[in-house]
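Visitor: I have a model open and would like to learn how to read it. Could you walk me through it, one feature at a time?

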Amino acid sequence: MILKRIFFSAATTYPSRHFCTKNAVTNRVTLYLQRAKLIDSIRLALRSNSPTLSLLPLLNDPRLDSFVVTHSLRSAPSPDSALSLFESLKTIPGFSHTQLTLFAITKILAKSKRNSELKNLVDAINAGEFKDVGPVRLMDQLRLNAAVGDLDSALQVWKDYRLVLSQSKKEPCTESYNLLMSLYKQNGLNLKAVEMFRKMIIGGVSTNSRTYTVVIDHLASFGKFEAALEVFDKLPLMRIKRTSKQYLILTEGFAKIEQFEVVKRLLKEMKSDGILPGHAMRMSLDCIREAGFLKETEDFVKELLPDERIGSVGFSGDYSDDDDEDEVRDEIDMGNDGSVDGVRLKPWLDPSALASALSDWNPAEVSALEDAKFVWTTRLVCKVLRYFKKAETAWNFFWWVAVQPGEFTHDVYTISRLIAILARHGHVELVNQLLLKVKAEGMRLSFSTVRLMIDLYGISKKPDAALKVFGDVESLTGGVSKFNLMLLYSSLFRTLIKCKRGLEVMNLLEEMIISGIFPDTQTFTGLIQHFALEGDLRTVQKLFGMVRQSGVDPDANMFRIVIHAYCKNGAAALAFRLFEDMMSMNLIPDSATNALLVKSLWKEGKRREAAVAQEKGKEINGIHQLALPSHVWTISTADLIRVYDIYSNAFTTNGN
């Protein structure tokens, strides 16, 4: 049963039709617009005094398909209206639910805490009552349990999930840990949430932005704002992207306790991170402005004010969901945002589907888009750009939207979004054109955008372009702090190594240190690993010596990499010295490293040393070492331990 439930048999894309139409639509933008119009009609019908009577003609429309149904369910004004729509579909001949329509309604049931109805529907899906839809995957079941707050069911699913993965010797995914941490927090089991974070670290599971959103939210919800801020401040050093959700949690928290200087700092850093604030932040900004911080919030408020050009339901519209990549968005409108008589609903719009329809930039489709007369805003343009899979299409759309009738003008947010797309695909000349535009118009890119460009040039194998951007950083962003320069150097080193230009790195490293900027543990670890894999022991030794000279404390992961390098290159005696140094610093190697050291020492005839290492290995096997293995170039064991300590200590006395 467990193996059966792990798979979905349904496709993961929307079928284009369930009903046959007399006149098939060949223009994808026109099809998208027709679907959008039908979705808006259903939205209005669900808000009418007689929704059932209003719905039936719409549900018999030949344009109705699973795409329309999925988004109509998600944008229903309440869970009851969504269920009413779901029940009405049973009377429509020929309509078949898909994985996507069923997941939409199950998510609504979960978010509205209708546990018994959710269980009945999931049981029906798993029993095969819906044609061509397979059983609910365990991860989807876990998401639903987390949304409804059902801890016992979630733990049972987690047990089944781990059992399935153990058969292929895999670890549960990061999101499964995130969900359980959040669920423990919801149920007031603070220390259980901390312990789940600890298990995640011990298992070597990569933490992500959502992991730290859960931690920050947990701390802030208990009024531990200073601890939450300390975790947040660690994220750049850990190469973890900070998100609008995290900024929202902290600005709301510190505004509530009237620490407006902290809020002012957060807003400044939000700009440096290039994050466009979501609508949820508007209330916090109003509070901050009332405290006198008008100048600091002026640009953000402009982005959040309602656009008067956006009218009632039609084809001109803006997409209202916040662009927060660390959170799975739920599109159902839990409150009534309108009614039929005289009420203006913001038009429904899906940037992902629109971008897909425009993917080939076909003239007929572009013409249909022009006829639709969308109201273009920074937020909407950024969202559409985000979903283009082809850089050429993104480029064409960017310049097309700039000449459309209306008041839209590209700003640093839309330009940054396009720069990232072009850099990822290696379009250096096009990026340079945009950078000239930035300079000519006196704009300043965010530091995070410049660093992202260098990282993405590593993916597209454009090292010279990365070096040029690095050399031009101050003219693009203004002044750069030593800390940010350190991060920028780290990104540049990693890009050069990806592009097989590792020999240049050592010269740049020396320039970096001479200028008074010292690499952090992750940068040194990444460099050491690279030269260790190359078999260049001399450079490995040189780098490790630089680590100690610069005052950086080697962590367990760095020791592990150097010990492995020595053992694999016939220098077990040197590896044993490092092993002793490591133990003297109360750092404990993992069992695999210890076993390799013992084997290498025996092979080289170092019997006494091998016996010592073997004896120590017995102690290691009885210890749960926190934060091993770490992740080269990103998170150091010391940073992980520090975050864990902050999180753990916050609930030591108050947790349960």
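**Reading the core, the helices and the contacts**

Guide: Let's start with one residue: setting aside residues up to four places away in sequence, Ile42 touches Leu55, Leu58, Leu59, Leu64, Val68, Ser72 and Leu85. Keep in mind throughout that this is a predicted model.

Visitor: Which residues touch the most other members of the largest nonpolar core?

Guide: Ile42 is one of them, together with Phe374, Trp376 and Phe397, in a core of 147 residues. A second core, separate from that one, has 63 residues, including Tyr177, Tyr184, Phe254 and Met270.

Visitor: Before going further into detail, what does the secondary structure of the chain come to?

Guide: It comes to 35 helices and zero strands. Of the 656 residues in the chain, 55% are buried. For contacts with a separation of 6 or more, 73% join residues 24 or more positions apart.

Visitor: How do I check a helix, and what would α12 be expected to span?

Guide: Compare the distance between its end C-alpha atoms with a rise of 1.5 Å a residue. Helix α12 covers residues 209-221, and its 13 residues should span 18 Å; the end C-alpha atoms are 18 Å apart, so the two values agree.

Visitor: How many residues of α12 are buried?

Guide: Eleven of the 13, so α12 is mostly covered. The buried set is Ser209, Arg210, Thr211, Tyr212, Thr213, Val214, Val215, Ile216, His218, Leu219 and Ala220. Among the elements covering them are α10 (174-186), α11 (190-202), α13 (225-234), α14 (244-256) and α35 (637-650).

Visitor: What should I look at around the ends of α12?

Guide: At its start, look for a side chain reaching a backbone nitrogen: a side-chain oxygen of Asn208 comes to within 3.1 Å of the backbone nitrogen of Arg210. Past the other end, look at the backbone angles: Gly223, just after α12, has a positive phi of about 75°.

Visitor: Can we try the span check on another helix?

Guide: Take α21, residues 391-402, with twelve residues. From first C-alpha to last, α21 reaches 17 Å, close to the expected 16 Å. Its buried residues are Ala391, Thr393, Ala394, Trp395, Phe397, Phe398, Trp400 and Val401. Phe397 is also among the residues that touch the most other members of the largest core. The cover over the buried residues of α21 includes α19 (363-372), α20 (378-387), α22 (412-424) and α23 (428-440).

Visitor: Is Thr70 buried or exposed?

Guide: Thr70 has 0% relative accessibility, so it counts as buried; the cut-off is under 20%. Thr70 sits in helix α4, residues 66-74. For a buried polar side chain, look for polar partners: a polar atom of the Thr70 side chain lies 2.7 Å from the backbone oxygen of Ser66. The Thr70 side chain also reaches the backbone nitrogen of Thr101, at 3.5 Å.

Visitor: How far apart in space are Phe67 and Thr101?

Guide: Their C-alpha atoms are 7.8 Å apart, although 34 residues separate them in sequence. Phe67 is in helix α4 as well, and at 4% relative accessibility Phe67 counts as buried.

Visitor: And what about a loop residue, such as Leu89?

Guide: Leu89 lies in the loop between α5 (79-88) and α6 (99-111). With a relative accessible area of 3%, Leu89 is buried. Beyond its neighbours within four places in sequence, Leu89 contacts Leu59, Leu64, Val69, Phe95 and His97. From Leu89 to Val69, the C-alpha distance is 9.0 Å across 20 residues of sequence.

Visitor: How many disulfides does a search of the whole structure find?

Guide: Zero. As for individual cysteines, Cys173 is partly exposed at a relative accessible area of 30%, while Cys567 is buried at 9%.

Visitor: Where does UniProt place the feature "repeat: PPR"?

Guide: The unreviewed UniProt entry puts it at residues 208-242, 243-277, 520-554 and 555-589. To read such a record against the model, look at the helix content and the end-to-end distance of each span. Residues 243-277 are 74% helix and 0% strand, with end C-alpha atoms 10 Å apart. Residues 555-589 give 74% helix and 0% strand, and their end C-alpha atoms lie 10 Å apart.

Notes: Residues numbered from 1 in each chain as written. Predicted model: local features only at pLDDT ≥ 70, side-chain atom pairs only at ≥ 80, totals over all residues. Heavy atoms only, no water. Core = buried A, V, L, I, M, F, W, Y, C linked by side-chain atoms within 4.5 Å. Buried < 20%, exposed > 50% of the residue type's maximum accessible area, 1.4 Å probe, protein only. Contact = heavy atoms within 4.5 Å. Disulfide = S-S within 2.5 Å. UniProt positions renumbered as here; feature names shortened; annotations may be inferred. Helix = DSSP H or I, 4+ residues; strand = E, 2+ residues; numbered from the N terminus. Polar contact = N/O pair within 3.5 Å; in protein donor to acceptor, adjacent residues only side chain to side chain. Expected span 1.5 Å × (residues − 1).
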